[in-house]
Amino acid sequence: MTERPCGGPTEGQRSTALAGRERIRPDRPEWAAGEIPAHRRPLPLITRDALTVRTARPTHDRLAALNEERHVGTWTPEVARLREQGAAIRRETLTDLEKYLQQLTGSVERNGGVVHRAGTPAEARAVIARIARENGVRLAVKSKSMATEEIHLNAHLTAEGVEVVETDLGEYIVQLADERPSHIVGPALHKSRQDVTDLFGQLAGAELSGEPEDLAAFARARLRADFKAADLGISGVNFAAADTGTLAIVTNEGNADMVTSQPRVHVAVMTVEKVIPRFADLGVLIPLLCDAATKQRVSVYQTLVNGPRRAGESDGPEQLHLVILDNGRTKALGTPQEEVLACIRCGNCQISCPVYRTVGGGHPYSAVYGGPIGAVLSPLIGDPGTDSDLPFLSSLCGACYDACPVKIPIPDLLVNLRAQHESAQAAGAARAGWRAWGLAWRTGAGFRATLAAARLAGRLLPDRLLARLPGPGRGWAAGRALPPLREAGAFRRWFRRHDERRAATRTRDGRQG
């Protein structure tokens, strides 16, 4: 576990919410940090370590109970109909994504907004940093946005001298703890009430009540001043209607209303697949999202943004900027992997996944997006080859497909990506080794010979030596628990003896009869 200060306030800091942050001592592994390490440790080593983190078991139990409580993967007749409609709407968008993006651009511009297309995270960061500089921004408030997590916006704006405050309660918690969101919808679901009480107590420099109402009030009081003081509001986009240019943001806290109405500049960041054909489609997609994400008929707040403040209006920004990010997504169009672009970011597949629950949430995936959807999406975005091993962090049980409100065949996509990973990785010595193993096990004699060799090695060599395989095999073995090789073939021997005893018993009983 690492433990270092989050960093003190910078000169000219105006955030009330982050005041006292220098007192916080983060208690989390390196791979859970707010900024993903540039050089990720091998996935088997991270997942092995994840099982030993103190929050892993409580998080597993909490998610398992939530999975049972919500009956994830089951649908009422009403929601089942919405599921069929929602799946059709999302595929309709993908049939001609560029057409709908062009239509959305025209609609937003007619409403008085400015649209920026960004191919890469670097381009998106540069656009937003330029907007901040041109408007003299020193303080920015954010509502929940996975797209801004994807482009690592907070760190970039901080380096530009802009203080960024997360205003979603879960995001605020993980920002203070210097961690990434653990779940698409519930960023701090890996935190217990005591964890949050301790965190806020360090921030305040005093002991606080652990009652949920008191913790929420503490955060609310600190965030409220920042809403009024901020020059820039940054939000995500759940859906963007191409025909009207309406940006829909779905929340349960109302912070998106404040972020989009109080600061004088509003920047909305969306990925290309968030566009939908019609405003009327929100009548299907918002209830579907709310049911899948939180089992609500509808969320508490639906913020609909239709441009900057107009003459005679009492609130709203002077400027609205929409940043549309691609980051490799359009390359998936026309391939089986384009199905992942139908995702509506409900996080239901994450809660349903036994692997995600067991490793304690999304941090061990060492990517922006964890769980089944992250294992499919992460290898497609960013640099080629990055996160290509994430599809193996799955049992392929199919629970994620049952839980998906828009019927994305996640298990099929995971299998496809596994094959691509193996095709790219299987070369040289590794390929020769697997080929030799395959040839040996094609015959019974070869199979028995390898078992005999394994038993001999297990008896003659220490376990520590056997676990330290040469070359690339060392990393593979270090992340796995190898069974005692001296027992190789023990089950087959037991089964053979058991089968022989059963046959002898049947013969004896037949004679007696």
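In this predicted model, the helices α8 and α9 meet through a set of side chains, with Leu 169, Tyr 172, Ile 173 and Leu 176 of α8 in contact with Val 196, Leu 199, Phe 200 and Leu 203 of α9. Sorted by class, this contact consists of eight nonpolar residues, with no polar and no charged residues taking part. The two helices pack at an angle of about 65 degrees, and their axes lie 10 Å apart, while the crossing that α8 makes with α9 is left-handed.

Two of the residues in this contact deserve a second look. A pair of aromatic rings is described by how far apart the centres are and by the angle of the planes. The structure holds five aromatic pairs, and one of them is formed by Tyr 172 and Phe 200, whose ring centres are 6.0 Å apart and whose planes stand at 45 degrees to each other, so that by definition the pair counts as tilted, falling neither under 30 degrees nor over 60. Tyr 172 belongs to helix α8 and Phe 200 to helix α9, and the pair thus links distant parts of the chain, 28 residues apart.

From the packed helices we can turn to the empty space. Rolling a probe the size of a water molecule over the atoms shows where such space is left. The second largest pocket has a volume of about 1300 Å³, and of the 49 residues that line this pocket, Asp 168, Val 185, Gly 186, Pro 187 and Glu 253 are the closest to its centre. Among the elements that give two or more residues to the lining are α8 and α9, along with others including α2, α10, the strands β6 and β7, and α12. By class, the lining of this pocket has 26 nonpolar, 14 polar and nine charged residues.

What does a search of the whole structure find in the way of cavities of 30 Å³ or more? There are six of them. The largest cavity has a volume of about 170 Å³ and is lined by 18 residues, with Pro 29, Val 53, Thr 55, His 190 and His 363 lying nearest its centre. Its lining divides into eight nonpolar, four polar and six charged residues.

The second largest cavity has a volume of about 80 Å³. The residues that line this second cavity include Cys 343, Cys 346, Cys 349 and Cys 404, together with Ile 344, Ile 373, Ile 408 and Ile 410. Sorted by class, the lining of the second largest cavity has 10 nonpolar residues, one polar and one charged.

Methods
Residues are numbered from 1 along each chain as its sequence is written. This is a predicted model: local features need pLDDT of at least 70, side-chain atom pairs count only at pLDDT 80 or more; totals for chains, interfaces and linings use all residues. Side-chain values use heavy atoms; hydrogens and water are left out. On a 1 Å grid over the protein atoms alone, a cavity is a set of points where a 1.4 Å probe fits but cannot get out, and a pocket is an open set with protein on both sides within 12 Å along at least five of seven lines; lining residues have an atom within 4 Å of a point. Grid points are joined across faces, edges and corners, and a volume is the space filled by probe spheres set on the points. Helices (H or I, at least four residues) and strands (E, at least two) are DSSP runs, numbered from the N terminus. Ala, Val, Leu, Ile, Met, Phe, Trp, Tyr, Cys and Pro count as nonpolar, Asp, Glu, Lys and Arg as charged, and the others, Gly among them, as polar. Axes are lines fitted to C-alpha atoms, for helices over the stretch in contact, and angles run from 0 to 180 degrees between N-to-C directions. A crossing is left-handed if the near helix is turned anticlockwise from the far one by less than a right angle, and right-handed if clockwise. Contact means heavy atoms within 4.5 Å. Rings of Phe, Tyr and Trp (its six-membered ring) pair if their centres lie within 6.5 Å; planes under 30 degrees apart count as stacked, over 60 as edge-to-face and the rest as tilted.
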